[in-house]
Amino acid sequence: MENQFKASLLDKKTVSVTWELVPGRGAREQAQESALYSAEQAEKGGKIHALTITDNPGGNPAMLADYLGQEILKLGIEPLVHFTCKDKNRNQMESQLYALDRSDVRNLLVMTGDYTVSGFKGRPKPVFDLDPTHTLELIADMNRGLSVAGPKGVSQHHPSDFFAGAAVSPFKATEAEQMVQYYKMKKKIASGAQFIVTQLGYDARKFHEVLQFMKLNDLNVPIIGNIYILPYGAARIMNQNQLPGCIVTDKLLKELDQERTSEDKGLSARLLRAAKMYAFMKGMGFDGVHIGGNNIKYEQVEYIIDKGEELSANWRDFIKEFDYPIPDGFYYYEKDEKSGLNSPIPANRKTLPLNAPVGISFRTLRLMHSLIFTPNKALFPMMRSIYKVKKDPRKHSLEHIIKVISNDCKDCGDCALLDLAYLCPMSQCPKNQRNGACGGSYQGWCEVYPNQKQCIYVKAYSRLKKYNEEQQLDSYSIPPANWDLYQTSSWSNFYLGRDHSAAILGIPSLEQESSLKPSQIASKKNAAQ
């Protein structure tokens, strides 16, 4: 059967519409019955192209989105299942994808996921074994027919038919956190994301900005704008940063506070606001809209669509109503005062101050890197020779003590310090993100430790920008940690070509080196230099 959601999103004449349903905790509770009733109404109404289903939102347990997706598919409408990385390791994720494939649940929105908050007898252990870029690579491989090594050689699976997308937040306050969002979006698309969905916000310039950024960088995949029907209660929670990644400014909160004094408690005002967002998103060139909100009825979603279509011819008239900038917030482009949106001219980021201090320790580490960790230069050949003699990579107590003191090392053995300005994603990022920040940072602070710890990617960007090297965060993807190397010497693994840096820097393993001719070794050395 044709994937109606995919077809609608790729059709330039159609605004693809998805409506978000929340499964809720339980199996036969009111939340599940309400979700299925909404799905029945959406199928009969014929204006919704897919129903998007959340995966343990807020880090709390709920019914598996996959199963509700199967139930919705039986009703004759496409599900768009949120597929997050927080609760499962890579094996379980692969197993889950096989089950989804066999059930013909094809549409996935791949995300990092909210940090785990509650569960049976307390807070559960977060997993974050893969990040969204790794997950999208797995899905892309499955779509080509996954090659699997077995005792009888390599076998190839039947290709799957997933249509997988990813999320981005253009609503960040600081240069560093916004730029790493865009860098990670580029990695997600390179890894196989077939569409992009924005995070939640209400600043028209920011919606316009992400469209311009994608065009500037030739990121030719459909993009969906997020429309959340916003009551005062939810807005207050978002304004206080209690729902990470969702941005509601003081100005917008004040307007909502006034609206709720009306006879209908602000309902008509917030539905009209959502319709105007639909209108300007269609006018700007978004390929679809994602409509969400708590306890929303199908008739209200239908109103937003119909009213949005009616208003879309005059979409520019509504831009001034969505002027909700974060105070002193960063914009990638200069403002066009006439339209209230962005000019095509990028802001001069070189003149902006760093978003995190860069101390002498970073300069010292850069010097050590140039002397010891740069392939085939300075002391690198000597260090490789030393580690060739050391036979047991598990004996690394001195190295481990140094790295625990400097970076709270978790001894993964597949070190990413050299990739991230000497900051460890395994110990300093609660979500262990190796390819960029999650969407939950706020004002540069980590989602899990607001006002206590800066996001490590804000620090990394600032450190690299100090030396005009911030593009390093945009230059290549870092594979997931190889747990075969756990509790072994990361220095030994680096010098002997056993970790992920080998492929990036061209460091041959001992096995590869023994099979090379002298002329080939010389050629590899020249390439590394």
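## Helix 13 and strand 2

Helix 12 and helix 13 each contribute at least two residues to a nonpolar patch. That surface patch, about 430 Å², consists of Leu367, Leu371, Leu379, Met382 and Ile386. Patch members have over 30% relative accessible area and no salt bridge, like charges being joined within 9 Å and nonpolar side chains (Val, Leu, Ile, Met, Phe, Trp, Tyr) within 5 Å. A salt bridge puts a side-chain nitrogen of Lys or Arg within 4 Å of a carboxyl oxygen of Asp or Glu. Areas are Shrake-Rupley values with a 1.4 Å probe.

The model is predicted: local features need pLDDT of at least 70, and side-chain atom pairs count only at pLDDT 80 or more, while totals for chains, interfaces and linings use all residues. Residues are numbered from 1 along each chain, and side-chain values use heavy atoms, without hydrogens and water.

Isoleucine 386 lies in helix 13 and counts as partly exposed because its relative accessibility is 39%; buried means under 20%, exposed over 50%, partly exposed in between. Phe380, Met383, Arg384 and Tyr387 of helix 13 are buried. They span an arc of only 100° around the axis, so they sit on the same side of helix 13; the arc is taken from the directions from the helix axis to the C-beta atoms.

Elements covering these buried residues, by contact (heavy atoms within 4.5 Å), include:

| Element | Residues |
|---|---|
| Helix 12 | 360–373 |
| Helix 14 | 397–407 |
| Helix 17 | 490–495 |
| Helix 19 | 510–515 |

In strand 2 (residues 50–53), Ala50 and Thr52 point one way, Leu51 and Ile53 the other, and all are buried. Strand 2 pairs in the parallel sense with strand 1 (residues 16–21) over 4 bridges; pairing requires at least two DSSP bridges.

Key:
Buried means under 20% relative accessible area, exposed over 50%, partly exposed in between (1.4 Å probe, protein chains only).
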